[in-house]
Structures are given as structure tokens and as C-alpha cells.
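Below is a short note on the model, set out as numbered points. It covers the annotated span, the surroundings of the ligands and the packing of helix pairs.

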Amino acid sequence: MKNVLTIAGSDSCGGAGIQADLKTFSAHGVYGMSVITAVTAQNTQGVFAVEDISAELIKKQIEAIYDDIKVDAVKIGMVSKIETITTISETLQRYYVKNIVVDPVMISKSGYHLLQPEAKTALINNLLPLATVVTPNLMEAEVITGVEIKNIENMKKAALLIHKMGPQYILIKGGHLEDEATDLLYDGDDFYYYPSPRIQTKNTHGTGCTLSSAIASNLARGLSINLAIEKAKEYITIAIQNSFSIGKGVGPTHHFHELYSKVGLID
Ligand SMILES: Nc1ncnc2c1ncn2[C@@H]1O[C@H](COP(=O)(O)OP(=O)(O)O)[C@@H](O)[C@H]1O
Ligand SMILES: Cc1ncc(COP(=O)(O)O)c(N)n1
């Protein structure tokens, strides 16, 4: 059994954050663990309140896991504020952690600032250099680089700039492109494309969380970065195709185990 950790925020309605991550881990047949950075009061329509967990408790959660358990990969999602970011960075470095997927979560689909704007520089300086792979969406890549991104050429330019910030691999997600959903990987030398047609649905709550957790699961299982992303892209595409409406707003993706066995995403 491979063990995968998510360090992220709790989403009370279960579509994104810790809850999406753990569902994704289970569907991939890996053992999921969590370090909670913040608790959000959230549903398909919006985020109504957030309480950050103290830096001390975040540190203790990470230590409790790494002092006892072998962790094969870790995914980092919502990190709220500067102190949270520096604590995670310092603590992970003490354990020489490998296979780190950083999803630089900034603003929820419902428009709430899950990362305080003044914490952007801390995220760039403290988390990006640790990342095996960083997975910004178009808006996050724009904020990180200052480059306006409307098409694949702009994505390439941003990927080159983000690579200079220290992550080993950069995956810029194209879920917010106009008529395709092509993700772009840059490894410092070459670009790789992970295309899919744009699925017409409003139910995309937690797509980024799901993709990054699927990549972490696949890295934990020993897949190469290219295969880890290829399989994760298949997973998220099927999960979006089967997304559904709960509540009145943006519904969640569907993580159902049987389907993944069929397409060979798990053994
Ligand atoms: N409507 C869609 N159709 C197909 N794939 C999508 C769609 N929306 C997002 N994706 C895919 O879901 C993953 C998450 O992308 P994105 O939605 O851009 O991230 P985020 O949730 O961080 O905004 C990417 O692989 C992206 O290509
Ligand atoms: C706790 C938490 N983490 C991440 C997201 C981003 O997901 P989305 O962009 O789909 O709103 C979220 N809404 N809540």
C-alpha cells in the first residue's frame, strides 16, 4: 500500500479541498492522510466563513505523520496565509520530503480569496522551490508571473518563468481556456500537451484539487511524471463527465471506483 498525504483546507460541502483529495486517493487505491490548514464553511454557492488552523497545530499534524509513517507523496492545496506557508515549508524540509505536488490555490470558483493576496510572495518563495510539480490554473499562473494568459503560447511563456522559481515540473491547467481544456507540462527542456475537449457543465467544483491529488497518487505508485499526469488527466476528465448537481450552484465531480478500474487507472 502506498501512503499519500494532503495538506489543505476542509470544504464542508465535500466537492473540493481535503474531502475531494481523500476521495481521489481512495479511487486510486492509495491510503489517504490529511493535515488540515483551515476549515471553510462552504457550499456549491460560496464560501461563507474560514477559520485558519494555528501554525503550531499544522506543524504538529505534519510531525505526527512523518515521525511515524512513510509518506510516498504529498499534495499541498489551500494554505491561507504567510505563517501557514512558512510552517509547512520548514517542517517538510526537516523530513527531506519527496514527490510534492503544489496546487497554488488562490481564489475559489465562487470568488473567495482562499489565499490572502499578501501571502502570494511567500507561496512563491517557500513552496514553489520544494515542488516536484506545481499545478496553477490560468489565473494562478497569471498572478505568479504577471503574464496575461489567453492561449497555449501565453501558457508556455508563463511556464518558462515559473520554472525559474524552482519547481521541477510545471503543469499549467487549461480548464479556463475558451474552447478546449488542454493542460501544458514543462520539464525545463520540453513541453508536453494533455488535451481534452471542453465538457459543457457548470459542475466543476474541486477539479483542480482532484487533478493534483490524482497526480500525487500516481507519483506515489511509482509512475513517471508524464504518465502520472496523463492518467490524472484521464481521471479528471471522467470525473467531470460524471459531475452532478447538488445544491443550487457549482456541483462536484464524481469519484467512482468501478469506472477507474475499467479504464486501468488502478490495478
Ligand atoms: N469544462 C472542462 N472540460 C474538460 N476538462 C476540464 C474542464 N474544466 C476543467 N478541466 C480540467 O480539470 C483540471 C483542473 O483544471 P482547472 O479547472 O483549470 O483548475 P482549477 O480548479 O484549479 O481552476 C484540468 O485538467 C482541466 O483541463
Ligand atoms: C478548501 C478548498 N480548497 C480548494 C478550493 C478550490 O476549489 P474550486 O476552485 O473548485 O472552488 C476550495 N473551494 N476549497
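**Notes on the predicted model**

1. The C-alpha atoms at the two ends of residues 11-254 are 16 Å apart, and this span is 39% helix and 16% strand. The UniProt record, an unreviewed entry, gives residues 11-254 the feature "domain: Pyridoxamine kinase/Phosphomethylpyrimidine kinase". Keep in mind that this is a predicted model.

2. Ligand 1 is surrounded by 18 residues, and the closest are Asn 137, Gly 175, Ala 181, Ile 199 and Gly 208. Sorted by class, this shell holds five nonpolar, nine polar and four charged residues.

3. Which helices each supply at least two residues of the shell around ligand 1? They are helix 7, residues 207-220, and helix 8, residues 225-241. Helix 8 gives the most to this shell, with four residues.

4. Around ligand 2 there are also 18 residues, the closest being Gly 9, Ala 16, Gly 17, Ser 108 and Lys 109. Two or more residues of this shell come from each of strand 1 (3-11), strand 2 (31-42) and helix 7. The class count for the shell around ligand 2 is six nonpolar, 10 polar and two charged residues. Helix 7 thus appears in the lists for ligand 1 and for ligand 2.

5. Helix 7 also packs against helix 1 (residues 17-27), at an angle of about 40 degrees and with the axes 9 Å apart. Helix 1 and helix 7 are therefore oblique to each other, and their crossing is right-handed. On the helix 1 side the contact is made by Gly 17, Ala 20, Asp 21, Thr 24 and Phe 25, and on the helix 7 side by Cys 209, Thr 210, Ser 213, Ala 214 and Ser 217. Four nonpolar, five polar and one charged residues make up this contact of helix 1 with helix 7. Gly 17 of helix 1 is also listed among the closest residues to ligand 2.

6. Helix 2 (residues 55-66) and helix 3 (residues 82-94) have axes that come within 9 Å and cross at roughly 25 degrees. Angles under 35 degrees count as roughly parallel, so helix 2 and helix 3 are roughly parallel to each other. Helix 2 passes helix 3 with right-handed geometry at the crossing.

7. Which residues of helix 2 meet helix 3? Helix 2 brings Ala 55, Ile 58, Lys 59, Ile 62 and Glu 63, which meet Glu 83, Thr 84, Thr 87, Ile 88, Thr 91 and Leu 92 of helix 3. By class, the contact of helix 2 with helix 3 consists of five nonpolar, three polar and three charged residues.

8. For helix 5 (residues 138-145) and helix 6 (residues 152-163), the axes come within 10 Å and cross at roughly 55 degrees. That angle makes helix 5 oblique to helix 6. The crossing in which helix 5 passes helix 6 is left-handed.

9. In the contact between these helices, Ala 141, Ile 144 and Thr 145 of helix 5 meet Ala 158, Leu 161 and Ile 162 of helix 6. The contact of helix 5 with helix 6 has five nonpolar residues, one polar residue and no charged residues.

Terms used:
Residues numbered from 1 in each chain as written. Chains lettered and ligands numbered in written order. Predicted model: local features only at pLDDT ≥ 70, side-chain atom pairs only at ≥ 80, totals over all residues. Near = placed C-beta within 6 Å. Nonpolar A, V, L, I, M, F, W, Y, C, P; charged D, E, K, R; others polar. Axes fitted to C-alpha atoms, helices over the stretch in contact; angles between N-to-C directions. Parallel < 35°, antiparallel > 145°, perpendicular 65-115°, else oblique. Left-handed = near helix turned anticlockwise from the far one by under 90°. Contact = placed C-beta atoms within 7 Å. UniProt positions renumbered as here; feature names shortened; annotations may be inferred.
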